[in-house]
Amino acid sequence: MLLQVEELTKDYTTRFGKQRVQALRGIDLAVAQGEFVAIMGESGSGKTTLLTLLAALERPTNGRILLGGEDMAAIPNRALSAFRRDRLGFIFQECHLLDTLTLRENILFPLVLAGRTGAEMHARLMPLAERLGIAPLLDKYPYEVSGGEQQRAAAARALIIKPMLLLADEPTGALDSGSATQLLQLLDGYHDEGQTIVMVTHSLDAASHASRVLFIRDGRIAAEIVRGGHTRAAFYPLLADRLTQLQQGGELLA
Ligand SMILES: Nc1ncnc2c1ncn2[C@@H]1O[C@H](COP(=O)(O)OP(=O)(O)OP(=O)(O)O)[C@@H](O)[C@H]1O
Ligand SMILES: [Mg+2]
């Protein structure tokens, strides 16, 4: 398994109230190399918390995460940012491009940090930018391009390191439907080439691109559906039915 998550829990303590929130209450999850997993669930169910832990941005309260067989808990804090930079790509709803850098500089940023040569950076950038349709925009600043174009630049920044795992939190959440479709088709293309993806989404349409969909409720995995041989069009109503069932609090047929 590329990613293995065992009995993962995360408690947050609010700063003043001393109130404890059990954001994750025991998640077990295994993701194989090349899978495209979508995670759905109501607001507050723990989706972003799970991604935050997978991204090694925070430490779990209990449980284990192994990425490529490596136990994240064994990585000292000082080595975490390099671990993230070398293995993980991120796409968020708000794309977090740096406004003082051009798209080119934003996309190359992870490679600059990793100390790659100019020639290698250029060799990686151009095919990626062509494929994502942003090659003519590389010298513009984020505020000079559309939201969809910004998000494709963010995708380029995530993919340029050829991450072991691509993590996306609501990547289409702020996009119009045309831009969303374009981004999802890009993810499909990378998935077809073997990229492993874990994507949180509220959108059934986005989730229907995945090879497996997990539903989180109250910090636990409540159900999962595997797409199997279904086309996207056939998978969509299955997801919609399961989501309705979960929202009605019905018994789960996981
Ligand atoms: N830094 C934090 N401090 C305290 N509580 C937090 C923190 N982050 C999340 N929580 C709480 O943990 C729970 C899960 O939050 P999380 O952000 O994972 O939900 P989510 O499923 O991503 O929701 P949404 O769909 O709205 O993005 C919520 O009750 C939330 O209030
Ligand atoms: Mg969230």
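Is Ala55 buried or exposed, and what is its relative accessible area? Let me open with that residue, and let me say at once that everything I describe this morning comes from a predicted model. Ala55 sits in the loop between H1 and strand S4, which spans residues 62-67, and with a relative accessible area of 2% this alanine is buried, because the cut-off for that word is under 20%. If you would like a reference point elsewhere in the chain, take Val5, which is 50 residues away from Ala55 in sequence, with 12 Å between the two C-alpha atoms.

From there I would like to move to the ligand. The residues that surround ligand 1 are Tyr12, Val21, Ala23, Glu42, Ser43, Gly44, Ser45, Gly46, Lys47, Thr48, Thr49 and His202. Sorted by character, that shell holds three nonpolar, seven polar and two charged residues.

Which side chains and which backbone atoms come within polar reach of the ligand's oxygen atoms? For Ser43, an N or O atom of the side chain is 2.5 Å from an oxygen atom of ligand 1. For Gly44 the partner is a polar backbone atom, and the distance to a ligand oxygen is 2.8 Å. For His202 we return to the side chain, where an N or O atom is placed 2.9 Å from an oxygen atom of ligand 1. Taken on its own, ligand 1 has 640 Å² of accessible area, and the protein covers 61% of that. As for where the shell comes from, strand S2 (20-31) and helix H1 (47-54) are the elements that contribute two or more residues, and H1 provides the largest share, with three residues.

One member of that shell deserves a separate word, namely Ser45, which is located in the loop between strand S3 (36-40) and H1. Its relative accessibility is 5%, so Ser45 counts as buried. A polar atom of the Ser45 side chain also lies 2.6 Å from the backbone oxygen of Glu42, and both Glu42 and Ser45 are among the residues around ligand 1.

Now to the charged pairs. Side chains of opposite charge can pair when their charged atoms come close. How many salt bridges does the model contain? The count comes to 13, and I will go through a few of them.

The pair I would look at to begin with is Arg212 and Glu35, whose side chains meet in a salt bridge with an N to O distance of 2.8 Å. Arg212 belongs to strand S9 and Glu35 to the loop between S2 and S3, so this pair ties together parts of the chain that are 177 residues apart in sequence. Both partners are buried, Arg212 at 9% relative accessibility and Glu35 with a relative accessible area of 17%. While we are in strand S9, which covers residues 212-217, Val213 is found there as well, and at 0% relative accessibility Val213 counts as buried.

A second pair is Arg87 with Glu70, where the side chains form a salt bridge at 3.5 Å, again N to O. Here the link runs between helix H2 (residues 77-87), which holds Arg87, and strand S5 (residues 70-71), which holds Glu70, and the two residues are 17 apart. Arg87 counts as partly exposed at 23% relative accessibility, and Glu70 counts as partly exposed at 32%.

A third pair joins Asp139 and Arg104, at 3.2 Å from N to O. Because Asp139 lies in the loop between helix H4 (118-131) and helix H5 (147-159) while Arg104 lies in helix H3, the bridge ties together parts that are 35 residues apart in sequence. Asp139 counts as exposed, at 55% relative accessibility, whereas Arg104, at 25%, counts as partly exposed. Beyond these pairs, Glu6, Arg64 and Asp71 are linked in a network of salt bridges.

Finally, a word about the surface. Which residues form a nonpolar patch there? They are Leu98, Phe109 and Leu113, which together have about 260 Å² of accessible area. Leu98 is in the loop between strand S6 (88-92) and helix H3 (103-113), and its relative accessible area of 37% makes it partly exposed.

Notes. Residues are numbered from 1 along each chain as its sequence is written. Chains are lettered from A and ligands numbered from 1 in the order in which they are written. This is a predicted model: local features need pLDDT of at least 70, side-chain atom pairs count only at pLDDT 80 or more; totals for chains, interfaces and linings use all residues. Side-chain values use heavy atoms; hydrogens and water are left out. A residue is near a molecule or strand if one of its heavy atoms lies within 4 Å of it. A polar contact is a pair of N or O atoms within 3.5 Å; within protein, one must be able to donate a hydrogen and the other to accept it, and residues adjacent in sequence count only if both atoms are side-chain atoms. Accessible areas come from the Shrake-Rupley method with a 1.4 Å probe; for residues, only the protein chains shown count as cover. Helices (H or I, at least four residues) and strands (E, at least two) are DSSP runs, numbered from the N terminus. Ala, Val, Leu, Ile, Met, Phe, Trp, Tyr, Cys and Pro count as nonpolar, Asp, Glu, Lys and Arg as charged, and the others, Gly among them, as polar. Patches are made of residues with over 30% relative accessible area and no salt bridge: like charges are joined within 9 Å, nonpolar side chains (Val, Leu, Ile, Met, Phe, Trp, Tyr) within 5 Å. A salt bridge is a side-chain nitrogen of Lys or Arg within 4 Å of a carboxyl oxygen of Asp or Glu. Buried means under 20% relative accessible area, exposed over 50%, partly exposed in between (1.4 Å probe, protein chains only).
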